[in-house]
Amino acid sequence: PPNADVFVNWGQMLRLGTFAGLRGLATFAVSAIAIAMCQVSGPYTAESVVIIYRVLMPFGATAPALAYAQAIMLGNAMGKKEGSEIKYSLKLGGFNLLIDRVLWVTIFLCILPVLTEFLTSLPDVRAEVARAAPMVGVMLALRGIDEFLARGVLTPLAKQLLIAVTSLVSVYAVSVPLMTWLIYTYHVDAVWIFGTVTLGMFIQSVVYVSRMACLDIDLEIEKSAERTALNTESHETREDYEETVSETGNGRVHRPSIGDQSPD
């Protein structure tokens, strides 16, 4: 599991960064598709969606930071192999997440009408943004929960496959097809468009929370110890190989001939 040494372990940093980038790319793809298809929904829907996303962007900055802090704290607790430390880190992280989401959702809902006044002068666009605001607030809360559970809890527990499958299914098998169908069939407004994205995030939250409810702390400690032992053994083997290569020179490993071998 990641711990404080993750910042000097470039291999682990690369894996975590790649995973985070793929999740971010999936979210960006849904946003781009939604904005492009909104041209079909109505004359004001596309502009409403763009305004909401422009206001929403800065509010997602704290979720990855909070998740990575939780990952480091959980990794350190796993290293101590104490169930009480792990439970404490999860409770503390959950409390921090609650405060973070309540704070940012409240600020977003308060600041959105004010910024909408500056970003557009069309009354219909302002009205559509106001109607979509509660749904976007729910989406913002679920986004933080998904980010926290995926990066901060399940990734240190080596549940990346579960996260990847859940993300792909919720985004590309549920949100995008449903959004496309609603836009081209019923020409829905921004409320329904953000509702489809919220549905995908809700599915992720249900899967992650369900997995957390079935979590066996003692079993996860044993699995973590096994992974640590395998990583240590692999690292020592690689160091021995590199030392042998450096001693023989020219990148060649010395293999004794038959005459060099003793009868034993």
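# Colleague's note on the model

1. **H187.** H187 counts as partly exposed, because its relative accessibility is 43%. This residue sits in the loop between α6 and α7. Its phi is near 50°. That is a positive value, and H187 is not a glycine. Please keep in mind that the model is predicted.

2. **A158.** A158 also deserves a look at its backbone: phi is positive, at about 60°, although the residue is not a glycine. Where is the place of A158? A158 is in the loop between α5 and α6, the latter helix being residues 160-186. With 38% relative accessibility, A158 lies between the cut-offs of 20% and 50%, so it counts as partly exposed.

3. **Overall fold.** The chain has eight helices and zero strands. Read from the N terminus on, the elements run α-α-α-α-α-α-α-α. Of the 264 residues in the chain, 38% are buried.

4. **Salt bridges, overall.** How many salt bridges does a search of the whole structure find? The search finds four. In general terms, side chains of opposite charge can pair when their charged atoms come close. Three of the bridges are described in the next points.

5. **R151 and E147.** The side chains of R151 and E147 form a salt bridge, with 2.5 Å from N to O. Both residues belong to helix α5, which covers residues 123-154. They are four residues apart, so about one helical turn separates them. Are R151 and E147 buried or exposed? Both are buried.

6. **D100 and R101.** D100 and R101 meet through their side chains in another salt bridge, at 2.6 Å from N to O. D100 is buried. R101 is buried as well.

7. **E117 and R126.** A salt bridge joins the side chains of E117 and R126, with an N to O distance of 2.8 Å. Here the partners are not in the buried class. E117 has a relative accessible area of 44%, so it is partly exposed. R126 is partly exposed too, because its relative accessibility is 28%.

8. **Aromatic pairs: Y53 and F194.** The structure holds four aromatic pairs. In one of them, the ring centres of Y53 and F194 are 5.4 Å apart. Why is this pair called tilted? The planes stand at 40°, and tilted is the class left between the limits of 30 and 60 degrees, so the label follows. The pair links distant parts of the chain. Y53 is in helix α2 (residues 45-56), F194 is in helix α7 (residues 190-213), and 141 residues separate them. Y53 and F194 are both buried.

9. **Aromatic pairs: F59 and W104.** F59 and W104 make an edge-to-face pair, with 5.5 Å centre to centre and 85° between the planes. F59 lies in the loop between α2 and α3 (62-80), and W104 lies in helix α4 (residues 83-119). The pair therefore ties together parts that are 45 residues apart in sequence. The two partners fall into separate burial classes. F59 counts as buried, because its relative accessibility is 7%. W104 is at 23%, so it counts as partly exposed. F108 joins F59 and W104 in one aromatic cluster.

10. **Nonpolar surface patch.** Which residues form the nonpolar patch on the surface? They are L103, I107, I111, V114, L115, F118 and L119. Together they have about 590 Å² of accessible area. I111, one of these residues, is placed in helix α4. With 31% relative accessibility, I111 counts as partly exposed. Patch residues need over 30%, so I111 passes that cut-off.

11. **Negative surface patch.** D216, D218, E222 and E226 form a negative patch on the surface. E226 is part of helix α8, which spans residues 217-248. Is E226 buried or exposed? E226 counts as exposed, because its relative accessibility is 52%.

Key:
Residues are numbered from 1 along each chain as its sequence is written. This is a predicted model: local features need pLDDT of at least 70, side-chain atom pairs count only at pLDDT 80 or more; totals for chains, interfaces and linings use all residues. Side-chain values use heavy atoms; hydrogens and water are left out. Patches are made of residues with over 30% relative accessible area and no salt bridge: like charges are joined within 9 Å, nonpolar side chains (Val, Leu, Ile, Met, Phe, Trp, Tyr) within 5 Å. Accessible areas come from the Shrake-Rupley method with a 1.4 Å probe; for residues, only the protein chains shown count as cover. Lys and Arg count as positive and Asp and Glu as negative; His and the chain ends are not counted. The place of a charge is taken as NZ of Lys, CZ of Arg, CG of Asp or CD of Glu. Helices (H or I, at least four residues) and strands (E, at least two) are DSSP runs, numbered from the N terminus. Buried means under 20% relative accessible area, exposed over 50%, partly exposed in between (1.4 Å probe, protein chains only). Rings of Phe, Tyr and Trp (its six-membered ring) pair if their centres lie within 6.5 Å; planes under 30 degrees apart count as stacked, over 60 as edge-to-face and the rest as tilted.
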